[in-house]
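Biologist: Please take a close look at one part of this model, the places where its molecules meet. I should like one connected account that sets out which residues take part and how they are arranged.

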Number of protein chains: 2
Amino acid sequence: MGERYLKSVRLLAECLQGFERFVAEPVRRHGLTHPQFDIIATLGNTPGMTYKELGERTLITKGTLTGVIDRLEQKGLVERARNCDDKRSFLVRLTADGESLFRNVFPAVVAHGKQLFADYGDGDFEQLDHALRRLRTRLDAPGLVTPGGHVPADEG
Amino acid sequence: MGERYLKSVRLLAECLQGFERFVAEPVRRHGLTHPQFDIIATLGNTPGMTYKELGERTLITKGTLTGVIDRLEQKGLVERARNCDDKRSFLVRLTADGESLFRNVFPAVVAHGKQLFADYGDGDFEQLDHALRRLRTRLDAPGLVTPGGHVPADEG
DNA sequence: TATTGTTATACTCTATAACTATA
DNA sequence: TATAGTTATAGAGTATAACAATA
């Protein structure tokens, strides 16, 4: 109603929600939630990552992250390792089981999701990515005004 | 890693999450969660809607929907009205307060989010929508195979 | 003093399945 | 029998703020 962009955002939401629903089955089949899977996927093929890094990549705040990591640790999929450089922080990394899950589940989920893009050519991906990157750039941009009239940076 | 489409999906997620975060402030400022706001926005400018319709539009399952509607009803923003045609169902509709909230909050949130698209022209929206619509079409398409090798329709 | 991660609180969403009342 | 919505259960994510250890 009114604003042109709302249609686009709804489309965006429908696409992502639809994709996540589509992919939820194989994820949950392995006892993972979306955030948990996101963590596993993010940690895969890395030597580990601090909470801060993980939080930035997955957009999960630190308080929440502790809980998510806790559950993954209980399942034996990740472990905390002391960070020698800075003893305040840990490196979170996949255990052997986590690695194995990553290698088994991740490709399965990926292959499953791939069906949605079966008829995509390079040009199609380019178009999609181009349009999305443009939007993301705006999201990263400074100078956006919050409802109170402040810029976000003023509020931390 | 490996699959081309993952990059696009991550972009998609970053865009939507980023947008929702950006817009979360004004939404929460009015005591609403995202699903709640989604309901209010969906009901706005309509004579009301059944649970089924609401669920389809917002992708919230019926069990969850009851809770969301309950909370909105407690806040006095929506009400249930008997559906004369089919006494099993209700129409959910905005109360006067809900209407007023819709008229006040919705435009504010919309205006806030609009900043992200400040430099978008018609062509830019076209491109974005085109790319997204294409993906959504695939999500609606039948014949997608689930991990077990079934088509979804077989599993109900 | 600032930062990293933890803990505690309280709420909301979610999936699932059994249940009721209508159809 | 099937459908619309409710209830119950159990788990998970979220924001927030106070906190400990380290920088």
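**Contacts with DNA and between the chains**

Modeller: In this predicted model, 22 residues surround DNA strand D, and those that come nearest are Thr33(A), Arg71(A), Arg28(B), Arg88(B) and Ser89(B). Both protein chains are thus represented among the nearest residues. Of the atoms of DNA strand D within 4 Å of the protein, sugar or phosphate accounts for 73%, and bases make up the rest.

Several contacts to the phosphates of this strand can be described individually. From chain A, a backbone N or O atom of Lys87(A) is placed 3.0 Å from a phosphate oxygen of DNA strand D. From chain B, the side chain of Arg80(B) has an N or O atom 3.1 Å from a phosphate oxygen of the strand, and a backbone N or O atom of Phe90(B) lies 3.3 Å from a phosphate oxygen. The elements that contribute two or more residues to the surface near DNA strand D are H2 and H4 of chain A, together with helix H3 (51-58) and H4 of chain B. By residue class, this surface comprises five nonpolar, eight polar and nine charged residues.

The account for DNA strand C begins with another set of 22 residues, of which Arg28(A), Ser89(A), Thr33(B), Arg71(B) and Arg88(B) come nearest. Here 70% of the strand's atoms within 4 Å of the protein belong to sugar or phosphate, the remainder being base atoms. In chain A, an N or O atom in the side chain of Tyr51(A) is 2.9 Å from a phosphate oxygen of DNA strand C, while Phe90(A) places a polar backbone atom 3.3 Å from a phosphate oxygen. In chain B, the side chain of Thr33(B) offers an N or O atom at 2.5 Å from a phosphate oxygen of DNA strand C. Two or more residues of the surface near this strand come from each of helix H3 (51-58) and helix H4 (62-74) of chain A, and from each of helix H2 (34-43) and helix H4 (62-74) of chain B. The surface near DNA strand C divides into five nonpolar, eight polar and nine charged residues.

The two chains also meet one another. In this interface, 67 residues of chain A contact 66 residues of chain B. The area buried between the chains is about 6300 Å², with carbon and sulfur atoms giving 63% of it. On the chain A side, Tyr5(A), Leu59(A) and Arg134(A) lose the most area to chain B, and together they give 10% of what that side buries.

Charged and polar pairs are found across this interface as well. Side chains of opposite charge can pair when their charged atoms come close. The rule finds 15 salt bridges between chain A and chain B, one of which joins Asp119(B) to Arg134(A) with N and O 3.8 Å apart. There are also 26 residue pairs in polar contact across the interface, counting pairs with both residues at pLDDT 80 or more. Helix H1 (4-29), helix H2 (34-43), H3, helix H5 (96-114) and helix H6 (122-140) of chain A each supply at least two residues of the side that touches chain B. H1(A) gives the most to that side, with 21 residues. The residues on the side of chain A that touches chain B divide into 32 nonpolar, 15 polar and 20 charged.

Over all chains, the structure holds 27 salt bridges. One of them pairs Asp119(A) with Arg138(B), whose closest N and O atoms are 3.9 Å apart. This pair joins two chains, because Asp119(A) lies in the loop between H5 and H6 of chain A and Arg138(B) lies in helix H6 (residues 122-140) of chain B.

The arrangement of the two chains completes the description. A turn of 180°, with a shift of 0.0 Å along the axis, lays chain A on chain B with an RMSD of 0.1 Å. Such a relation is that of a two-fold axis. The same surface serves both copies, since 99% of the contact residues of chain A recur in chain B.

Note on methods:
Residues numbered from 1 in each chain as written. Chains lettered and ligands numbered in written order. Heavy atoms only, no water. Near = heavy atom within 4 Å. Polar contact = N/O pair within 3.5 Å; in protein donor to acceptor, adjacent residues only side chain to side chain. Helix = DSSP H or I, 4+ residues; strand = E, 2+ residues; numbered from the N terminus. Nonpolar A, V, L, I, M, F, W, Y, C, P; charged D, E, K, R; others polar. Contact = heavy atoms within 4.5 Å. Buried area = accessible area lost by both parts, 1.4 Å probe. Salt bridge = Lys/Arg side-chain N within 4 Å of Asp/Glu carboxyl O. Least-squares fit on C-alpha atoms with pLDDT ≥ 70 in both.
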